[in-house]
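Here is a short report on one protein chain. Empty space, packing and a few individual residues are taken in turn.

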Amino acid sequence: MHEINWSDESFNLKNSSSYHLSVQTGLDGFSFCILDSLRSRYVAVKHFPLIVGKLQFLARKIESIFDEEEKLNTSFKSVSVTYSTNKATLLPKEFNTDNGKKKLIALTSETSRNEEIRTDHITGFNYDLLYSYPVDLMTLLNRKFTDFTFQHKSIPLISSAVNQRNEKKNSLLVNFERKYIRVIAFRETQLELYNSFYFKNESDFLYYILNVWQNLQFDPVRDELLIGGYVADDSNYIRQLKKYLNNISFLKPDSGIIYGNLFSKIQKHQFVSLLNSYSCV
C-alpha cells in the first residue's frame, strides 16, 4: 500500500489535549490516526509503508518516523498502540499461566531473547491472545508516551467482526496483511479458529481460504465471509472469491464516529483495526 497523508480542515495541534492518538505498527507498516474526542471526528490519518527486513530493526525505523513527524511530537489526551504480528495464537484462559504461555509460544513460533511474551483478553470469549513483541519497541513507546494502551491488532479486528457479523450464521474473517492473511472463524457464538497464512498469488490465497472453509464445513450459500485489511474491494482476490462464496462483505469502522471528507478517497475496511482501536481502549 502506498503512503497516505490527509488532515481535516479542522485539525489543529494546539487542540491536542482533546485528541486521541491511535498508532498501529509492525513489519507491514506504520499508521496513525487522530480523533477529536470532543466532536467524535477523525481529523488526521497517515500511513507509512515500511521496508524492514528483520524485527530487530523495527524500533529504529519507527523512531525515525517519530523524529520527523510533527503530529506525533505533542501531548495527547490519550494514546493507544496496536501491534501487528502473525506470531500469535489463541490461548484458553485456563492455560494463561507463565509456564503455559512459554510452552505454547515455543510450539507455535520462534521468539528471540529480544522479544517478550504478552497476552490480551478477547472480550466475550474464553480465550486470550498470546503473542510476542520486540522489547526495544516497548522501550521506544515508553520514551515517547507517558501513558498508553498496547494490544495486538487482532483485538479491535475481532471486536469489529463480532459487532458486525450475523450470529445466526457461521463467519470467516479474512484480514489482508502485506505478505500474509489472518484468518479468524466464528461458529455461531463461538470463536473457533485463529491462524495466518503466507501467500504469493491468487492461487495460494484461494487454496487457503477454500480449504479452511471446507474443513470447517461452512455453507458456501448460507454462511458469510468478512474482509478487512490491505485489499481493494474490486481486486481480483475478491472477484475470485465471489465465484465460490455467496455472502461476502467488508468490515466497517465504528458508525458512531464522523469521518468527513478525510476518508473519501480510501476504503475504510483497509484501516478498520486502526480506526476501531479507540473503542477497545
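## Two loop residues with positive phi

Glu 188 sits in the loop that joins strand E11 (180–187) to strand E12 (190–198). The model is a predicted one. Glu 188 is not a glycine, yet its phi is positive, at about 55°. Its relative accessibility is 51%, so Glu 188 counts as exposed. The cut-off for that class is over 50%.

Gln 217 also has a positive phi, near 60°, and is a residue other than glycine. It belongs to the loop between helix H5 (202–215) and strand E13 (224–229). Gln 217 is exposed, with a relative accessible area of 69%. As background, most residues other than glycine have a negative phi.

## Pockets

How much space lies in the largest pocket? The volume is about 360 Å³. The lining of this pocket has 18 residues, and Leu 27, Asp 28, Asn 86, Tyr 180 and Tyr 198 are the closest to its centre. By class, the lining of the largest pocket splits into eight nonpolar, five polar and five charged residues.

The second largest pocket holds about 180 Å³. It has 13 lining residues. Nearest its centre lie Phe 76, Val 79, Phe 145, Thr 146 and Asp 147. Here the lining of the second largest pocket counts five nonpolar, five polar and three charged residues.

## Cavities

Rolling a probe the size of a water molecule over the atoms shows where empty space is left. In this model, two cavities reach 30 Å³ or more. The largest cavity has a volume of about 40 Å³. Its lining is made up of Gln 24, Thr 25, Gly 26, Asp 28, Gly 29, Ser 31, Ser 84, Lys 153, Glu 177 and Tyr 230. Two elements, E2 and strand E3 (29–36), give two or more residues each to that lining. E2 has the largest share, with three residues. By class, the lining of the largest cavity has one nonpolar, six polar and three charged residues.

The second largest cavity encloses about 30 Å³. Gln 24, Lys 153, Asn 175, Gly 229, Tyr 230, His 269, Gln 270, Phe 271, Val 272 and Ser 273 form its lining. The classes in the lining of the second largest cavity are three nonpolar, six polar and one charged.

## Gln 24 and Gln 270

Gln 24 lines the largest cavity and the second largest cavity. Its place is in strand E2 (residues 19–26). Is Gln 24 buried or exposed? Its relative accessibility is 5%, so Gln 24 counts as buried; the limit for that class is under 20%. A polar atom of the Gln 24 side chain lies 3.4 Å from the backbone nitrogen of Leu 274. Beyond its neighbours within four places in sequence, Gln 24 is in contact with Gly 29, Phe 30, Ser 31, Thr 82, Lys 153, Tyr 230, Ser 273 and Leu 274. Among these, Lys 153 and Tyr 230 are in the lining of the largest cavity and of the second largest cavity.

Gln 270 is one of the residues lining the second largest cavity. It is found in the loop between strand E14 (247–250) and helix H7 (272–275). At 14% relative accessibility, Gln 270 is buried. What does its side chain reach at 3.2 Å? The partner is the backbone oxygen of Val 231.

## Nonpolar cores

In soluble globular proteins, nonpolar side chains tend to be buried together. The largest nonpolar core here has 48 residues. Leu 21, Phe 30, Ile 34 and Phe 150 touch the most other members. Leaving aside neighbours within four places in sequence, Ile 34 is in contact with Phe 11, Tyr 19, His 20, Leu 21, Arg 41, Tyr 42, Val 43, Ala 44, Lys 71 and Phe 76. A second, separate core has 22 residues, including Phe 176, Leu 225, Val 231 and Leu 241. Val 231 is also the residue whose backbone oxygen is reached by the side chain of Gln 270.

## Ile 117

Ile 117 lies in strand E7 (residues 115–121). With a relative accessible area of 34%, Ile 117 is partly exposed. From Ile 117 to Arg 39 the separation is 78 residues in sequence. In space, C-alpha to C-alpha, the two are 37 Å apart.

Note on methods: Residues numbered from 1 in each chain as written. Predicted model: local features only at pLDDT ≥ 70, side-chain atom pairs only at ≥ 80, totals over all residues. Heavy atoms only, no water. 1 Å grid on protein atoms, 1.4 Å probe; cavity = no way out; pocket = protein on both sides within 12 Å on 5 of 7 lines; lining within 4 Å. Points joined across faces, edges and corners; volume = space filled by probe spheres on them. Nonpolar A, V, L, I, M, F, W, Y, C, P; charged D, E, K, R; others polar. Helix = DSSP H or I, 4+ residues; strand = E, 2+ residues; numbered from the N terminus. Buried < 20%, exposed > 50% of the residue type's maximum accessible area, 1.4 Å probe, protein only. Polar contact = N/O pair within 3.5 Å; in protein donor to acceptor, adjacent residues only side chain to side chain. Contact = heavy atoms within 4.5 Å. Core = buried A, V, L, I, M, F, W, Y, C linked by side-chain atoms within 4.5 Å.
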